[in-house]
Amino acid sequence: MNIETMIAIKKEFSISYSAISEASGVPISTVQKVLGGITKPRNSTAEALAKALTGFIKQGSPRWMGAVSFEELLISHDNSYGLSKAEGFENKSSGEYEVSDYENLPEDIRVELIDGYFYEMEAPTKKHQVILQEILIQLTSQIRKNKGGCKVYMAPSDVQLDESNKTIVQPDLFILCNKDMIKNSRRTVGAPEFVIEVLSESTRKKDMTLKLNKYEACGVKEYWIIDPNKEYIIKYFFENMSLTNIYTFNDIVPLELYEGKISVDFSEIKSEIMDEFGE
């Protein structure tokens, strides 16, 4: 994890210098100098700071990250479906919901199920869609050019990450290389090799904490978090966290999954956004 990424995480999660110092064991004066961009840390110091900051990312309760109960889903949708706890949910509460409960919800109630909790999803913005479409085009064309066997998919597409029967997510974009997983046309069962999530206000905490932890634990190899408003990308490569870095929309970002042979040119995406929205 480079210094720029550490600074971005500190700012994103509003972590104080004193809290970082306490968690890392690094003197607060050193923390201030390193994360203030004043001095370059020793390797041992950088490793301690990176470990502490990763720990802060992994904190957060389901409610803090936006989990909702079945009753709250009914209220938010005015219970127009006449659903009740008597229809399969009578003996369950948040943390206990399963794939069968997810499948019993009306199709136009968009949620993700993570560790037994429901997380409601909002429709993506047009800017969100443009970013994903452009990434899809770039990745698909490069994979085909290199005659790769991997496939790129976009939401909405269900991914049952593990065998716990309590998790189904809909990543914004993901890559599958396992042929058996590709052949399953209904849903993906297992962890994709590569995942992208584009942040929104409603998903920010979940994407940057809960999904980060879940993807790493379930075997995703590489995870990108894209902030469309602040125009940065945090790239996590779980097999070697030292390669975790932050990039901007002016950069070409390589996929570690392909050893850098395939990349996404975010300057082209930025240009497309400027042409379409004038931002």
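The following exchange concerns the sheets and pockets of a predicted model.

Modeller: In this predicted model, local features need pLDDT of at least 70 and side-chain atom pairs count only at pLDDT 80 or more, whereas totals for chains, interfaces and linings use all residues. Residues are numbered from 1 along each chain as its sequence is written, and side-chain values use heavy atoms, with hydrogens and water left out.

Colleague: What makes S1, S3 and S2 an open sheet of 3 strands?

Modeller: A strand is a DSSP run of E of at least two residues, numbered from the N terminus, and two strands pair if DSSP finds at least two bridges between them. S1 and strand S3 (residues 117-120) are joined by 2 bridges, and S2 and S3 by 4 bridges. Both pairs therefore meet the requirement of at least two bridges. The order is S1-S3-S2, with antiparallel pairing.

Colleague: Why are strand S1 (67-68) and strand S2 (111-114) called edge strands?

Modeller: Each of S1 and S2 pairs on one side only. Two residue pairs may be located in the structure: Ala67 stands opposite Tyr119 in S3, and Val111 stands opposite Glu120 in S3. The hairpin of S2 and S3 has 2 residues between the strands, and Asp115 takes a positive phi near 55 degrees there.

Colleague: How do you know that S6 and S8 pair?

Modeller: Strand S6 (residues 173-176) and S8 have 3 bridges in the antiparallel sense, so the minimum of two is met. Ile196 in S8 is the bridge partner of Leu173. These strands belong to an open sheet of 6 strands, with the order S4-S6-S8-S9-S10-S11 and mixed pairing. Its edge strands are strand S4 (151-154) and strand S11 (245-248), each pairing on one side only. The twist averages 20 degrees from one strand to the next.

Colleague: Which strands does H7 lie across, and how is its direction stated?

Modeller: H7 lies across S4, S6, S8 and S9, running at about 170 degrees to S4. A helix is a DSSP run of H or I of at least four residues, and contact means heavy atoms within 4.5 Å. Axes are lines fitted to C-alpha atoms, for helices over the stretch in contact, and angles run from 0 to 180 degrees between N-to-C directions. The value for H7 therefore lies towards the 180 degrees end of that range. Helix H1 (residues 3-12) runs at about 85 degrees to S11, and H9 at about 45 degrees to S2.

Colleague: What makes a space a pocket rather than a cavity?

Modeller: On a 1 Å grid over the protein atoms alone, a cavity is a set of points where a 1.4 Å probe fits but cannot get out, whereas a pocket is an open set with protein on both sides within 12 Å along at least five of seven lines. The largest pocket holds about 420 Å³ of space. Its lining has 28 residues, and the closest to its centre are Glu122, Ala123, Pro124, His128 and Asp172.

Colleague: What makes a residue part of that lining, and which element supplies the largest share?

Modeller: A lining residue has an atom within 4 Å of a point. The largest share, 4 residues, comes from H7.

Conventions: Points joined across faces, edges and corners; volume = space filled by probe spheres on them.
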